[in-house]
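Open the model in your viewer and keep the selection panel at hand. The stops below run from the whole chain down to single residues.

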Amino acid sequence: QVQLVESGGGLVQAGGSLRLSCAASRRTFSSCHMGWFRQAPGKEREFVATISWSGGYTNYADSAKGRFTISRDNAKNTVYLQMKRLKTEDTAVYYCAADKYYYGTHSNEYDYWGQGTQVTVSS
């Protein structure tokens, strides 16, 4: 099984940066595609970014494009989300997800999920 633990969330002022990390407890991480999703209060969970298991393919939501960067280090079983020029509308719980077969934009394509980390952006 794959276990995912997010970290790096916190409070940041608009325009600032945060780097989220997602660590996997199992070696199977290296064979999984990874994604980041977020959910704000009163809203549905939405796609943020995804990366293939090799790191050769990445995709971003329009809201994240140009500001966020997803990357991974398979030797450390860790995927990252570098967030820059944060906006108040980025405030949400951010979830790390993994799947052996898919790296799409829909949450139901991912079989493994972390517990989430809170990101709060103040004005």
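Start with the whole chain. Of its 123 residues, 44% are buried (under 20% relative accessible area; exposed is over 50%, partly exposed lies in between; 1.4 Å probe, protein chains only). This is a predicted model: local features need pLDDT of at least 70, side-chain atom pairs count only at pLDDT 80 or more, and totals for chains, interfaces and linings use all residues. Residues are numbered from 1 along each chain as its sequence is written, and side-chain values use heavy atoms, with hydrogens and water left out.

**Whole chain**

Show the C-alpha trace. Along its principal axes it spans about 40 × 25 × 25 Å. The radius of gyration is 13 Å, which agrees with the value near 14 Å for a compact globule of 123 residues (taken over C-alpha atoms; the rule is 2.2 Å times the number of residues to the power 0.38). Switch to a surface. About 6,500 Å² is exposed, and carbon and sulfur atoms supply 45% of that area (Shrake-Rupley method, 1.4 Å probe).

Now colour by secondary structure. The chain has 11 strands and 0 helices (DSSP runs numbered from the N terminus: strands are E, at least two residues; helices are H or I, at least four).

**The open sheet**

Select S1, S3, S8 and S7. In that order they form an open sheet of 4 strands with antiparallel pairing (two strands pair if DSSP finds at least two bridges between them). Its edge strands, S1 (4-7) and S7 (68-73), each pair on one side only. Neighbouring strands here are turned by 15° against each other on average, direction ignored (axes are lines fitted to C-alpha atoms).

Zoom in on S1 and S3 (residues 18-24). They run antiparallel and 4 bridges join them. Which residue of S3 stands opposite Glu6? Pick Cys22.

**The cores**

Next, select Leu4, Met34, Trp36, Val79, Leu81, Met83 and Tyr94. These have the most contacts inside the largest nonpolar core, which has 30 residues (buried Ala, Val, Leu, Ile, Met, Phe, Trp, Tyr and Cys joined through side-chain atoms within 4.5 Å). Elements giving two or more residues to this core include S4 (33-39), S5 (46-51), S8 (78-83) and S9 (92-99).

Apart from this core lies another, of 5 residues. Phe37, Ala61, Ala97 and Tyr110 are among them.

Finish on Tyr94. Leaving out residues up to four places away in sequence, Tyr94 touches Glu6, Trp36, Phe68, Leu81 and Val119, among others (contact: heavy atoms within 4.5 Å).

Note on methods: Axes fitted to C-alpha atoms, helices over the stretch in contact; angles between N-to-C directions.
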